[in-house]
Amino acid sequence: MSIGLIIAIVILSLFAVYMIFSFRRMKNMGAAPESEKILTLTDKNFQNQIKKGIVMVDFWAEWCMPCKVMGPVLNELAEDESFKAVVAKLNVDHYQPVSQKFGIRGIPTIILFKDGKEVDRIVGIKPKDFLIKQVNKHL
């Protein structure tokens, strides 16, 4: 075997070990503490909470790694006094009929509601600036 091939195998092995370690650490990672300014939605209060103004609803689940990544971003938005939308969350495992009603197929999915009507849908991990731009489009 050539020395280059041996080095490549060692590097790939180290990379694989690093990825396994990172995945296990992330899997055991708890969710970020939720801001007190984030509304927790249920099947009972959903319609009432989205009917007025702009409401950003995060459809999420406790086991979802990308949802855990979005948690701190949503916390920042909820705490930002200049942000023009209400930030809310709905657990898709606890309130499946609501998530089915809106055709949620992947999480995290964020739906922007304006006066009770869906005006935008965002799927996946997005940065804070992107979410602010999406909300500002509907002001």
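**A surface patch, two cores and a one-sided helix**

Ile3 sits in helix α1, which covers residues 3-27. The model here is a predicted one. With a relative accessibility of 65%, Ile3 counts as exposed, because the cut-off for that label is over 50%. Ile3 also has company out there: together with Ile7 and Ile11, Ile3 makes up a nonpolar patch on the surface, and the three add up to about 320 Å² of accessible area. As for the spacing, an α-helix has 3.6 residues a turn, so residues three or four places apart point the same way.

On to the interior. The largest nonpolar core holds 18 residues, and the ones with the most contacts inside it are Phe46, Val57, Phe59, Leu90, Phe102 and Phe113. Two or more residues apiece come from α2 (46-50), β2, β3 (86-91) and β4, with β2 giving the most, at 4 residues. Phe46 is a good place to look around: neighbours within four places in sequence aside, Phe46 is in contact with Leu41, Val57, Phe59, Leu90, Val98, Phe102 and Phe113. There is also a second core, separate from this one, with 16 residues, among them Val73, Ala78, Phe83 and Ile110.

Helix α5 (residues 128-136) has its own inside and outside. Leu131, Gln134 and Val135 are buried; viewed down the axis of α5, the buried residues fall within an arc of 95°, so they line one face of the helix. Asp129 and Lys133, on the other side of α5, are exposed. The cover over the buried residues of α5 includes β2 (54-60), α3 (65-79), β4 (109-114) and β5 (117-123).

Key:
Residues are numbered from 1 along each chain as its sequence is written. This is a predicted model: local features need pLDDT of at least 70, side-chain atom pairs count only at pLDDT 80 or more; totals for chains, interfaces and linings use all residues. Side-chain values use heavy atoms; hydrogens and water are left out. Patches are made of residues with over 30% relative accessible area and no salt bridge: like charges are joined within 9 Å, nonpolar side chains (Val, Leu, Ile, Met, Phe, Trp, Tyr) within 5 Å. Accessible areas come from the Shrake-Rupley method with a 1.4 Å probe; for residues, only the protein chains shown count as cover. A salt bridge is a side-chain nitrogen of Lys or Arg within 4 Å of a carboxyl oxygen of Asp or Glu. Buried means under 20% relative accessible area, exposed over 50%, partly exposed in between (1.4 Å probe, protein chains only). The arc is that of the directions from the helix axis to the C-beta atoms. Contact means heavy atoms within 4.5 Å. A nonpolar core is a set of buried Ala, Val, Leu, Ile, Met, Phe, Trp, Tyr and Cys residues joined through side-chain atoms within 4.5 Å.
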